[in-house]
Amino acid sequence: MFLITVIIGEKGIIMRELKRDELISMLSIKSGVTKKETEKILKSLDFVVYNSIIRGFMVRIPGIGKFEPKPVKERKEARNYGGKDFLGNDIIIPPTPAFCRPSFSFVNQFKQKVKEATTGRVYERKEDKNG
């Protein structure tokens with residue numbers, strides 16, 4: 001049986017990041033395959049998602065969510081000189097159709113399950129000093 005350490009403090013439950021090795025262990029135990037096979041599957045998933053996104057495809061993981069490329073839209077530059085160039089004109093950064101940002105969104109069923117399982121809990125994020 002694999003347990004995740006959860007610390008309960010005065011403010012509620014303190015969350016911590018699930019490390020890569022812990023994720024591989026949990027997946028291998030749940031699926032009944034070795035850790036090496038699980039690691040290969042995780043690397044393959046990374047490869048497939050990455051290559052699909054850079055080619056403009058959306059990747060759905062049933063029951064969890066979807067990865068999709070989001071194109072960069074036209075926007076005003078506001079960091080330098082209050083968004084104006086040296087002549088006082090607005091600085092507009094044109095849309096970049098060749099450049100997309102990766103985006104992930106959860107499916108509503110997954111959000112609902114998490115909401116129901118965590119109702120009434122107070123979470124605080126624990127910063128891990130080891131990485």
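**Exercise 1. Classify E39 by exposure, then find its salt-bridge partner.**

E39 has a relative accessible area of 26% and is partly exposed (buried is under 20%, exposed over 50%, partly exposed in between; 1.4 Å probe, protein chains only). The model is predicted: local features need pLDDT of at least 70, side-chain atom pairs count only at pLDDT 80 or more, and totals for chains, interfaces and linings use all residues. Residues are numbered from 1 along each chain as its sequence is written, and side-chain values use heavy atoms, with hydrogens and water left out.

A salt bridge requires a side-chain nitrogen of Lys or Arg within 4 Å of a carboxyl oxygen of Asp or Glu. R20 and E39 satisfy this at 2.6 Å, N to O. R20 lies in helix α1 and E39 in helix α2, so the pair ties together parts that are 19 residues apart in sequence. Helices are DSSP runs (H or I, at least four residues), numbered from the N terminus.

**Exercise 2. Which other salt bridge does R20 form, and how exposed is D21?**

R20 also pairs with D21, with the closest N and O atoms 3.9 Å apart. D21 is exposed at 55% relative accessible area, while R20 is partly exposed at 43%.

**Exercise 3. Check the length of helix α2.**

Helix α2 covers residues 35-54, which is 20 residues. The expected span is 1.5 Å times one less than the number of residues, giving 28 Å. The end C-alpha atoms are 29 Å apart, which agrees. Just after α2, G56 takes a positive phi of about 90°.

Methods
Helix = DSSP H or I, 4+ residues; strand = E, 2+ residues; numbered from the N terminus.
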